[in-house]
Amino acid sequence: MEKFFYRVEHGDTILSVSNKFCTPAILIINLNNLKKEICAGDILYIEKENCKTYTVKPFETVEMLAQRFGVEKEELLQKNGVDYLFYGLTIKI
(Lines give C-alpha, C1' and ligand atoms only; values in the text may rest on other atoms or scores of the structure.)
Protein backbone atom coordinates (compact mmCIF):
# COMPACT_ATOMS: atom_id res chain seq x y z
CA MET A 1 0.00 0.00 0.00
CA GLU A 2 1.35 3.41 -0.99
CA LYS A 3 0.83 6.39 1.37
CA PHE A 4 1.11 10.04 0.33
CA PHE A 5 -0.52 13.48 0.37
CA TYR A 6 -2.67 14.79 -2.50
CA ARG A 7 -3.62 18.40 -3.23
CA VAL A 8 -7.29 18.58 -4.29
CA GLU A 9 -7.76 19.98 -7.80
CA HIS A 10 -10.67 22.05 -9.10
CA GLY A 11 -13.62 19.73 -9.78
CA ASP A 12 -12.40 16.91 -7.51
CA THR A 13 -14.91 15.20 -5.27
CA ILE A 14 -14.30 12.59 -2.61
CA LEU A 15 -15.65 9.96 -5.01
CA SER A 16 -13.45 11.09 -7.91
CA VAL A 17 -10.36 11.08 -5.68
CA SER A 18 -11.40 7.65 -4.41
CA ASN A 19 -11.63 6.34 -7.97
CA LYS A 20 -8.39 8.02 -9.05
CA PHE A 21 -6.39 6.31 -6.31
CA CYS A 22 -8.35 3.07 -5.94
CA THR A 23 -9.08 3.87 -2.32
CA PRO A 24 -12.49 3.54 -0.62
CA ALA A 25 -14.15 6.94 -0.17
CA ILE A 26 -14.94 6.13 3.46
CA LEU A 27 -11.22 5.56 4.10
CA ILE A 28 -10.38 9.02 2.68
CA ILE A 29 -13.10 10.56 4.85
CA ASN A 30 -11.89 8.77 7.99
CA LEU A 31 -8.14 9.31 7.44
CA ASN A 32 -8.69 13.03 6.90
CA ASN A 33 -11.45 13.50 9.50
CA LEU A 34 -13.64 15.15 6.84
CA LYS A 35 -16.84 16.80 8.01
CA LYS A 36 -17.60 18.73 4.80
CA GLU A 37 -16.99 18.58 1.05
CA ILE A 38 -13.43 18.96 -0.17
CA CYS A 39 -12.29 22.11 -1.97
CA ALA A 40 -9.52 22.88 -4.46
CA GLY A 41 -6.27 23.33 -2.56
CA ASP A 42 -7.17 21.03 0.34
CA ILE A 43 -4.49 18.49 1.23
CA LEU A 44 -5.66 14.88 1.68
CA TYR A 45 -3.76 11.97 3.16
CA ILE A 46 -4.19 8.99 0.83
CA GLU A 47 -3.52 5.30 1.29
CA LYS A 48 -3.52 3.90 -2.25
CA GLU A 49 -4.39 0.26 -2.78
CA ASN A 50 -3.24 -1.86 -5.68
CA CYS A 51 -6.40 -2.95 -7.44
CA LYS A 52 -8.02 -3.50 -10.79
CA THR A 53 -10.66 -1.08 -12.04
CA TYR A 54 -13.47 -1.47 -14.56
CA THR A 55 -15.82 1.05 -16.17
CA VAL A 56 -19.46 -0.05 -16.20
CA LYS A 57 -20.95 -0.36 -19.69
CA PRO A 58 -24.59 0.24 -20.66
CA PHE A 59 -27.06 -2.35 -19.36
CA GLU A 60 -24.53 -4.10 -17.10
CA THR A 61 -25.85 -5.02 -13.67
CA VAL A 62 -24.11 -5.62 -10.37
CA GLU A 63 -25.13 -9.27 -10.62
CA MET A 64 -23.49 -9.63 -14.06
CA LEU A 65 -20.25 -7.99 -12.96
CA ALA A 66 -20.05 -9.85 -9.66
CA GLN A 67 -20.34 -13.12 -11.55
CA ARG A 68 -17.83 -12.03 -14.22
CA PHE A 69 -15.22 -11.03 -11.65
CA GLY A 70 -15.96 -13.83 -9.17
CA VAL A 71 -17.00 -11.66 -6.23
CA GLU A 72 -20.18 -11.33 -4.16
CA LYS A 73 -22.43 -8.49 -5.32
CA GLU A 74 -22.60 -7.02 -1.79
CA GLU A 75 -18.80 -7.00 -1.63
CA LEU A 76 -18.58 -5.25 -5.00
CA LEU A 77 -21.03 -2.54 -3.91
CA GLN A 78 -19.43 -2.07 -0.49
CA LYS A 79 -15.90 -1.90 -1.89
CA ASN A 80 -17.02 0.94 -4.15
CA GLY A 81 -19.15 2.75 -1.58
CA VAL A 82 -22.31 2.67 -3.72
CA ASP A 83 -25.78 1.12 -3.53
CA TYR A 84 -26.05 0.45 -7.28
CA LEU A 85 -23.96 0.58 -10.46
CA PHE A 86 -24.57 2.84 -13.42
CA TYR A 87 -23.14 3.42 -16.89
CA GLY A 88 -19.78 5.19 -16.83
CA LEU A 89 -19.00 4.46 -13.17
CA THR A 90 -15.44 3.25 -12.64
CA ILE A 91 -15.44 0.53 -10.03
CA LYS A 92 -12.75 -1.29 -8.10
CA ILE A 93 -12.69 -5.06 -8.50
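In this predicted model, the structure holds 5 aromatic pairs. One of them joins tyrosine 6 and phenylalanine 21 in an edge-to-face arrangement, with 5.0 Å centre to centre and 70° between the planes. This pair links distant parts of the chain, since tyrosine 6 belongs to strand 1 (residues 2–7) and phenylalanine 21 to helix 1 (residues 14–21), 15 residues apart. Tyrosine 6 counts as buried because its relative accessibility is 10%, and phenylalanine 21 counts as buried at 12%. Ring pairs also bring Phe4 into the picture, linking Phe4, Tyr6 and Phe21 into a cluster.

**Overall architecture**

The protein chain contains 4 helices and 4 strands. Read along the sequence, these elements follow the pattern β-α-α-β-β-α-α-β. The C-alpha trace spans about 40 × 25 × 20 Å along its principal axes. Of the 93 residues in the protein chain, 34% are buried. The chain exposes about 6100 Å², and carbon and sulfur atoms supply 54% of that area. Among contacts between residues at least 6 apart in sequence, 57% join residues at least 24 apart.

**The nonpolar cores**

The largest nonpolar core is made up of 12 residues: Tyr54, Val56, Val62, Leu65, Ala66, Leu76, Leu77, Val82, Leu85, Leu89, Ile91 and Ile93. Helix 3 (62–69) and helix 4 (73–80) each supply at least two residues of this core. Its largest share, 3 residues, comes from helix 3. Another core lies apart from this one; it has 10 residues, among them Ile14, Phe21, Ile28 and Ile38. Phenylalanine 21 thus appears both in this second core and in the aromatic cluster with Phe4 and Tyr6.

Leucine 85, a member of the largest core, illustrates the contacts found there. Not counting residues up to four places away in sequence, leucine 85 touches Val56, Thr61, Val62, Leu65, Leu76, Leu77 and Ile91.

**Helix 3 and its surroundings**

The buried residues of helix 3 are Val62, Leu65 and Ala66. These residues lie on the same side of helix 3 because they cover an arc of only 100° around the axis. They pack against strand 3, helix 4 and strand 4 (90–92). After helix 3 comes glycine 70, whose phi is positive, near 70°.

The loop between strand 3 (53–55) and helix 3 contains glutamate 60. Glutamate 60 is buried, with a relative accessible area of 12%. The side chain of glutamate 60 reaches the backbone nitrogen of lysine 57 at 2.7 Å. Not counting residues up to four places away in sequence, glutamate 60 touches Tyr54, Thr55, Leu65 and Arg68. Two of these residues, Tyr54 and Leu65, are also listed in the largest nonpolar core. Tyrosine 84 stands 24 residues from glutamate 60 along the chain, and their C-alpha atoms are separated by 11 Å.

**Asparagine 80**

Asparagine 80 has its place in helix 4. With a relative accessibility of 7%, asparagine 80 counts as buried. A polar atom of its side chain lies 2.5 Å from the backbone nitrogen of lysine 92. Not counting residues up to four places away in sequence, asparagine 80 touches Thr90, Ile91 and Lys92.

**Positive phi outside glycine**

Cysteine 22 and phenylalanine 59 each combine a positive phi with a residue type other than glycine. Cysteine 22 is found in the loop between helix 1 and helix 2 (25–31), where its phi is about 55°. Phenylalanine 59 is found in the loop between strand 3 and helix 3, and its phi is near 70°. Cysteine 22 counts as buried at 6% relative accessibility, whereas phenylalanine 59 is exposed, with a relative accessible area of 79%. Glutamate 60, in the loop that holds phenylalanine 59, is buried.

The table below collects relative accessible areas for residues discussed above.

| Residue | Relative accessible area | Class |
|---|---|---|
| Tyrosine 6 | 10% | buried |
| Phenylalanine 21 | 12% | buried |
| Cysteine 22 | 6% | buried |
| Phenylalanine 59 | 79% | exposed |
| Glutamate 60 | 12% | buried |
| Asparagine 80 | 7% | buried |

Note on methods. Residues numbered from 1 in each chain as written. Predicted model: local features only at pLDDT ≥ 70, side-chain atom pairs only at ≥ 80, totals over all residues. Heavy atoms only, no water. Phe/Tyr/Trp six-rings, centres within 6.5 Å; stacked < 30°, edge-to-face > 60°. Buried < 20%, exposed > 50% of the residue type's maximum accessible area, 1.4 Å probe, protein only. Core = buried A, V, L, I, M, F, W, Y, C linked by side-chain atoms within 4.5 Å. Contact = heavy atoms within 4.5 Å. Polar contact = N/O pair within 3.5 Å; in protein donor to acceptor, adjacent residues only side chain to side chain. Arc of directions from axis to C-beta. Areas by Shrake-Rupley, 256 points an atom, 1.4 Å probe, with all protein chains shown as cover.
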